[in-house]
Amino acid sequence: KSRNDETGKVYRNDIVVLRLGRKLCVKSVRKQKHVIMNNMRTFGNLITEVRKVTHNDKIGGEDLINRENFESLTKAIENMTKQGQTFKAGLKIAIG
């Protein structure tokens, strides 16, 4: 069950996030639903952050791999992982 917030709406409706979840589920031996949903939520948060950076609510998962959006993606990752003057290293590694 997903939260009914902006990120929840993104990861329930974005085809790339759904494909990611399906791939992780097939790949998972234990079918750890909470881990899979957490990964999907992180990707949904990334899409939401890119939308904020670009001021474009139409951005989806497929757009994140487009070269034209590289600077926006980099800025979104920086925004998500920055905590004051330090970085959230674990999140930065998880995002890639």
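## Packing of α1 against α2

The axes of α1 and α2 approach to within 5 Å and cross at roughly 75°. Angles from 65 to 115 degrees count as roughly perpendicular. The two helices, α1 and α2, are therefore roughly perpendicular to each other. On the α1 side, the contact is formed by Y11, R12 and N13; on the α2 side, the residues involved are I15, V17 and L18. These values, like those that follow, were computed from a predicted model.

## The buried side of α1

Four residues of α1 are buried, namely T7, G8, V10 and Y11. These residues lie on the same side of α1, because they cover an arc of only 160° around the axis. The cover over the buried residues of α1 includes α2, which spans residues 15-27, and α3. Y11 thus appears in two descriptions: as a buried residue of α1 and as a participant in the contact with α2.

## Overall organisation of the chain

The chain contains 5 helices and 2 strands. Read from the N terminus, its elements follow the order α-α-α-α-β-β-α. Of the 96 residues in the chain, 33% are buried.

Contacts within the chain can also be described by separation in sequence. Among those between residues at least 6 apart in sequence, 45% join residues at least 24 apart.

## The largest nonpolar core

The largest nonpolar core comprises 15 residues. Within this core, L46, V50, L64 and L73 have the most contacts. Each of α1 (6-13), α3 (33-54) and α4 supplies at least two residues of the core. The greatest contribution comes from α3, which gives 6 residues.

Helix α3 therefore has two roles in this description, because the buried residues of α1, which lie on the same side of that helix, have α3 as part of their cover, and α3 also gives the most to the largest nonpolar core.

## T81 in helix α4

Helix α4 covers residues 70-81, and T81 lies within it. Is T81 buried or exposed? T81 counts as buried because its relative accessibility is 0%, and the cut-off for a buried residue is under 20%.

A polar atom of the T81 side chain lies 2.8 Å from the backbone oxygen of I77. This distance falls within the 3.5 Å limit used for a polar contact between N or O atoms. The side chain of T81 is accordingly described by both its burial and its proximity to the backbone oxygen of I77, at 2.8 Å.

Definitions and conventions. Residues are numbered from 1 along each chain as its sequence is written. This is a predicted model: local features need pLDDT of at least 70, side-chain atom pairs count only at pLDDT 80 or more; totals for chains, interfaces and linings use all residues. Side-chain values use heavy atoms; hydrogens and water are left out. Buried means under 20% relative accessible area, exposed over 50%, partly exposed in between (1.4 Å probe, protein chains only). A polar contact is a pair of N or O atoms within 3.5 Å; within protein, one must be able to donate a hydrogen and the other to accept it, and residues adjacent in sequence count only if both atoms are side-chain atoms. A nonpolar core is a set of buried Ala, Val, Leu, Ile, Met, Phe, Trp, Tyr and Cys residues joined through side-chain atoms within 4.5 Å. The arc is that of the directions from the helix axis to the C-beta atoms. Contact means heavy atoms within 4.5 Å. Axes are lines fitted to C-alpha atoms, for helices over the stretch in contact, and angles run from 0 to 180 degrees between N-to-C directions. Angles under 35 degrees count as roughly parallel, over 145 as roughly antiparallel, 65 to 115 as roughly perpendicular and the rest as oblique.
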